[in-house]
Amino acid sequence: MEENRNLFTNSCSFANVKPIMIELPYPPIQVKEKNQTYADLLSIDYCGSVSELSAITQYINNENRLSGEKCSMAQTILGIAMAEMVHLQKLGELIFLLGGCPDFTAKTQNGRPKMWTPQYLTIPERPQDMLIADIESEKDAIRQYKKHIGMICDNFVNAVLARIVRDEEYHIIILQALMDELEQACNLCTENGRR
């Protein structure tokens with residue numbers, strides 16, 4: 001009994017957290033034909049510096065560090081990470097159907113494979129800076145997906161990428177709302193400190 005009094009626990013529950021995505025179905029995962037060039041492009045979205053794997057890892061790290069003091073924010077961040085996991089899975093399926101191998105190696109334009117690394121992540125300390133980094137990562141992902149849509153001539157693949165973009169745009173809205181909440185809380189603290 002004495003041992004239990006000295007335990008540190010996290011009371012933040014993640015039991016009911018679900019992926020945060022817009023409520024639209026995904027198009028079927030199919031491709032017109034095998035195309036290694038397209039598979040290589042998607043490998044960048046899968047595990048390049050701007051990628052679903054980078055997003056998942058950054059979000060999970062932020063969620064872990066926020067959960068002790070900012071449970072609601074941590075739950076939201078985990079929900080976004082779960083949506084990014086869905087994106088990663090769908091990209092992996094497309095890469096496979098296109099004839100590629102989803103092996104956490106991005107095939108860059110110069111033809112050199114580059115394995116994913118945590119050096120791609122931005123890991124700030126302050127919650128505000130975490131949210132800023134997450135918003136910027138989402139914007140970078142949207143730009144990259146749109147660029148790849150312009151380079152891929154397969155309507156089936158592009159439909160899935162466009163649907164992923166819709167989630168990423170929604171994530172920016174959610175993250176901005178979290179940022180606004182933090183700013184309001186900081187303003188209240190400042191006002192109370194002056195009284």
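This section describes the fold, nonpolar core, cysteines, one unusual backbone angle and largest pocket of a predicted model.

The predicted protein contains 6 helices and 2 strands, arranged along the sequence in the pattern α-α-α-α-β-β-α-α. Its C-alpha trace extends over about 65 × 45 × 35 Å along the principal axes. Of the 195 residues in the protein, 44% are buried. Among contacts with a sequence separation of 6 or more, 80% join residues 24 or more positions apart.

The largest nonpolar core comprises 46 residues, of which L42, I77, L131, V157 and L175 touch the most other members. Helices α2, α3, α4, α5 and α6 (155-194) each contribute at least two residues to this core, and the largest share, 11 residues, is supplied by α6. The surroundings of L131 illustrate the packing in this region. When residues up to four places away in sequence are not counted, L131 is in contact with M73, I77, L175, L178, M179 and L182. Two of these partners, I77 and L175, are themselves listed with L131 among the core residues that touch the most other members.

A search of the whole structure identified 1 disulfide. It is formed by C12 and C71, whose sulfur atoms lie 2.1 Å apart. The torsion about the S-S bond of this pair is about 85°, and the disulfide is therefore right-handed. C12 is located in the loop between α1 (2-5) and α2 (36-47), whereas C71 belongs to helix α4 (residues 71-97); the bond therefore ties together parts that are 59 residues apart in sequence. The two partners fall into separate accessibility classes. C12 has a relative accessible area of 9% and is buried, because the limit for a buried residue is under 20%. C71, at 26% relative accessibility, is partly exposed.

Further cysteines were also examined. C101 takes part in no disulfide, and the nearest cysteine sulfur, that of C47, is 10 Å away. Since a disulfide requires sulfur atoms within 2.5 Å, the distance of 10 Å from C101 to the sulfur of C47 does not meet the criterion. C101 is partly exposed, with a relative accessible area of 47%. C153, in turn, has a relative accessible area of 55% and is exposed, because this value is over the limit of 50%.

The backbone of F104 was also noted. Most residues other than glycine have a negative phi. F104, by contrast, has a positive phi, near 65°. This residue is situated in the loop between α4 and β1 (105-107), and its relative accessible area of 35% places F104 in the partly exposed class.

The largest pocket encloses about 250 Å³ of space. Its lining consists of 23 residues, and those closest to the centre are S49, V50, S51, S54 and S137. Helices α3 (52-66) and α5 (127-151) each provide at least two lining residues. The largest share of the lining, 9 residues, comes from α5. By class, the lining includes 8 nonpolar, 7 polar and 8 charged residues. Helices α3 and α5 thus appear in both settings, each supplying at least two residues of the pocket lining and at least two residues of the largest nonpolar core.

Terms used
Residues numbered from 1 in each chain as written. Predicted model: local features only at pLDDT ≥ 70, side-chain atom pairs only at ≥ 80, totals over all residues. Heavy atoms only, no water. 1 Å grid on protein atoms, 1.4 Å probe; cavity = no way out; pocket = protein on both sides within 12 Å on 5 of 7 lines; lining within 4 Å. Points joined across faces, edges and corners; volume = space filled by probe spheres on them. Helix = DSSP H or I, 4+ residues; strand = E, 2+ residues; numbered from the N terminus. Nonpolar A, V, L, I, M, F, W, Y, C, P; charged D, E, K, R; others polar. Buried < 20%, exposed > 50% of the residue type's maximum accessible area, 1.4 Å probe, protein only. Core = buried A, V, L, I, M, F, W, Y, C linked by side-chain atoms within 4.5 Å. Contact = heavy atoms within 4.5 Å.
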